[in-house]
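Opening my notebook on the ligand site. I want to know what surrounds the ligand and what touches it.

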Amino acid sequence: MNTIQHWIGGTLITGASTRTAPVWNPATGEQQAEVLLAERADVEAAVAAANTAFETWGDASLSKRSGILFAFRQLVHEHIDDLAAIVSDEHGKVLSDARGEVQRGLEVVEFACGIPQLLKGEYSDQVSAGVDSYSFRQPLGVVAGITPFNFPVMVPMWMHPIAIACGNTFVLKPSERDPSVSLRIAQLWQQAGLPDGVFNVVHGDKVAVDALLDSPTVTAVSFVGSTPIARYIHERATTTGKRVQALGGAKNHAVVLPDADLEFAANHLTAAAFGSAGQRCMAISATVAVGDAGDALVKRLQEKAATVRVGPGRDESSEMGPVITAEARERIVGYIDSAEKQGATLVADGRNLHIGKGFFVGPTVLDHVTADMDAYRNEIFGPVLSVTRVDTVDDAIAFVNANPYGNGTAIFTSSGEAARRFQRKVTVGMIGINVPIPVPMAYHSFGGWKDSLFGESHIHGPEGIRFYTRAKVVTARWPHVEHTVAASYHFPTAT
Ligand code: NAD
């Protein structure tokens, strides 16, 4: 049995860890490895390595940092296929989807390659007689990232390329369910010339996370995962004075108006609901059909759900793979059972799909779902699409806004007026107009509203640069003898 170790100070380490967790192959249902679960001492060792590395990395020139980022970018680009294969084996997603996730992570690395431009400060000449003022931003020190299972490459890459480019050192605590790819990423950083200790990986559970949250050396925490844990991370880490961005779960609605191209909408909704077996934080899980769009849309969704090719992620002909664990399968099937009992109409039923002992659930469509049903109130995080019927676009906006989550949403329409009303009134952070999964490009920032994000800062893009740096403002005077004036006792004002 392969034991997956930590990566601290540039080497693989077992440290004080004795506990382990199983790593499954979701397509076969078999255990393929075990991962070490860090103790506090392991986290302290990683933080200490990062803190030592910060002494030099924090002073590395912009050209040195951007040179290493360019080299890392090239290596990730060359290894897209191997990284995707590691992701597919442990997560279960199909290879094309895994390649897509590496590509979206790579875009953040490319953004971070421009760090000399991104960190340019501001200068005001002669703010007072003989006085100039300028501001610039400096790194925070040791920062931590705690990430979910569903994007084991992309989500950590929302964080570490930017944090490192800004001059910080990084401790990653990836999901214990698909941990291997983070070690491959660590090796690629090393190969790119990143000094040891700048990027560290500790595997683990709550013990490791709490040790990071409580560490007096860690200055900032970026978290992505479910809402209860995001809320907890935000509360605990801010108590110890850290900067925190904690992105939580989601229930992403797509509003479909009767004037939409329904064939186009149904195609995109099917892909957005069932791609990655519905385990994307931006997956569409709730459709809101307005007026007489409902019947025609549901008929199409039923036909399309039946044609999705479900199979092992490594099979290039599969369009959708298994879900992450047997427990996840049980949870998803439980929500479908409850929806049926609570009065939803089961238009497509994925409960009885079995492929060997793999953790598969087929594409499922639930119609006539209401806001009080368990399958609507909770994030299912599986291949289940619900449909709710409302009368008007304003009813649809009110329905979306009443949901506690606010990550992503989409509208399908041919009306510019309706789309504009939707984008202005909806209380959601990321909005697609005839685009079902509106994940912003790396040079914009990513983040939801309400229970989908705790903290002020969205992730990557310009907000990422601000999150991982802090500002200094200098007011400077280089007096000539003839300019020297006596000090005055009133509050300084410009002259
Ligand atoms: P999770 O919350 O179970 O785990 C996320 C991380 O927190 C993991 O590293 C895990 O080890 C750690 N963790 C789990 N329980 C903990 C505890 N009690 N104390 C401290 N740390 C703990 O999430 P997951 O199941 O890995 O990922 C799926 C969730 O992530 C979904 O809710 C999904 O919507 C969300 N997600 C959100 C975004 C976003 O951008 N908002 C992106 C991806 C995933």
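**Ligand site notes**

I checked the domains first: the shell around the ligand takes at least three residues from each of domain 1 (2–248 + 452–474) and domain 2 (252–433), with bounds from an automatic or database domain assignment. This is a predicted model, where local features need pLDDT of at least 70, side-chain atom pairs count only at pLDDT 80 or more, and totals for chains, interfaces and linings use all residues. Numbering runs from 1 along each chain as its sequence is written, and side-chain values use heavy atoms, with hydrogens and water left out.

I then looked up the shell (a heavy atom within 4 Å of the ligand). I found 28 residues, the closest being Lys173, Glu176, Ser226, Gly248 and Glu379. They split into 14 nonpolar, nine polar and five charged, with Gly counted as polar.

Next came polar contacts (N or O pairs within 3.5 Å). Which residue puts a polar side-chain atom 2.6 Å from a ligand oxygen? That is Glu379. Lys173 does so at 2.7 Å, while Phe149 uses a backbone N or O atom, 3.0 Å from a ligand oxygen.

I also noted the cover: of the 840 Å² of accessible area the ligand has on its own, the protein covers 89% (Shrake-Rupley, 1.4 Å probe).

Last, I listed the elements giving two or more residues to the shell: helix H8 (206–214) and strand E11 (218–224), both DSSP runs (helices at least four residues, strands at least two).

Key
A polar contact is a pair of N or O atoms within 3.5 Å; within protein, one must be able to donate a hydrogen and the other to accept it, and residues adjacent in sequence count only if both atoms are side-chain atoms.
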